[in-house]
Amino acid sequence: MLRGYKKQFGEKGENEACDYLSRHGYQIVERNFRTRNGEIDIIAIDKAEKPPALCFIEVKSRFSDEYGDPLEAITYFKLRALIRTAQFYILSHPKLPQLLRLDAIAVTMDHMGNLRDLKLVKNLN
């Protein structure tokens, strides 16, 4: 897969994820937050939670599950990097909700970029 196409495909998956989250009561705070430790695809507030939760969301986009579920690509090392990046974000944004959550979204699209499936998993551990 060409590098530029792969980036566009990932961005399309993140856009689908943001649309889904917005429709389900999340407020998108930031996208593609980067530090030297890693990147968080989406940072959002889940306003349906009482009290609201600050969610750090990893998005995995695939054409199919031929090589496994997209969420299987989130390794122990990726989780560690997400946690470190989230900790940095929390320290630099103290006025956000104190309830924290690490989530993931698996997006499956066809080769034309049409959404086939989207799955949200809350509370990764």
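Q: A salt bridge is a side-chain nitrogen of Lys or Arg within 4 Å of a carboxyl oxygen of Asp or Glu. This model is predicted. Which residue's side chain meets that of arginine 101 in a salt bridge?
A: Look for a carboxyl oxygen within 4 Å of a side-chain nitrogen of arginine 101. The N to O distance in this pair is 3.3 Å, so it passes the cut-off. The partner of arginine 101 is glutamate 49.

Q: How many residues apart in sequence are the parts that arginine 101 and glutamate 49 tie together?
A: Arginine 101 lies in strand β4. Glutamate 49 lies in the loop between β2 and β3. The pair therefore ties together parts of the chain whose separation in sequence is 52 residues.

Q: Is arginine 101 buried or exposed?
A: Buried means under 20% relative accessible area. Arginine 101 has 6%. Its partner, glutamate 49, is partly exposed at 28%. Because 6% falls under the cut-off, arginine 101 is buried.

Q: Which aspartate forms a salt bridge with lysine 122?
A: The closest N and O atoms of the pair are 3.8 Å apart. Lysine 122 sits in the segment after β5, and its partner sits in strand β2 (residues 38-46), 76 residues apart. Lysine 122 is partly exposed, at 41%, while the partner is buried, at 1%. That partner is aspartate 46.

Q: Which residues are joined into one network by salt bridges that share partners?
A: Two bridges already met belong here: arginine 101 with glutamate 49, and lysine 122 with aspartate 46. Shared partners join these residues, along with Asp103. The network is Asp46, Glu49, Arg101, Asp103 and Lys122.

Q: Which arginine meets glutamate 14 in a salt bridge?
A: Glutamate 14 is in helix α1 (residues 3-23). It is buried, at 10% relative accessibility. Its partner is in strand β1, 17 residues apart from it, and the N to O distance is 3.8 Å. That partner is arginine 31.

Q: How many aromatic pairs does a search of the whole structure find, and is the pair of phenylalanine 33 and phenylalanine 88 stacked or edge-to-face?
A: The search finds four aromatic pairs. In this one, the ring centres are 6.3 Å apart and the planes meet at 25 degrees. Planes under 30 degrees apart count as stacked, and those over 60 as edge-to-face. So the count is four, and the pair is stacked.

Q: What is the angle between the planes of phenylalanine 56 and tyrosine 89?
A: Their centres are 6.0 Å apart, and the pair is edge-to-face. Phenylalanine 56 lies in strand β3 (residues 53-62) and tyrosine 89 in helix α2, so the pair ties together parts that are 33 residues apart in sequence. Phenylalanine 56 is buried at 3%, and tyrosine 89 is buried at 1%. The angle between the planes is 80 degrees.

Q: How many disulfides does the count come to?
A: A disulfide needs two cysteine sulfur atoms within 2.5 Å. For cysteine 18, the nearest cysteine sulfur is that of cysteine 55, 12 Å away. That is over the cut-off, so these two form no disulfide. The count of disulfides is zero.

Q: How many bridges join strand β4 to strand β5?
A: Strand β4 (residues 99-109) and strand β5 (residues 115-121) run antiparallel. One bridge partnership is alanine 104 with valine 121. In the hairpin, five residues lie between the strands, and glycine 113 takes a positive phi near 90 degrees. The number of bridges joining the two strands is six.

Key
Residues numbered from 1 in each chain as written. Predicted model: local features only at pLDDT ≥ 70, side-chain atom pairs only at ≥ 80, totals over all residues. Heavy atoms only, no water. Pairing = 2+ DSSP bridges. Helix = DSSP H or I, 4+ residues; strand = E, 2+ residues; numbered from the N terminus. Phe/Tyr/Trp six-rings, centres within 6.5 Å; stacked < 30°, edge-to-face > 60°. Buried < 20%, exposed > 50% of the residue type's maximum accessible area, 1.4 Å probe, protein only.
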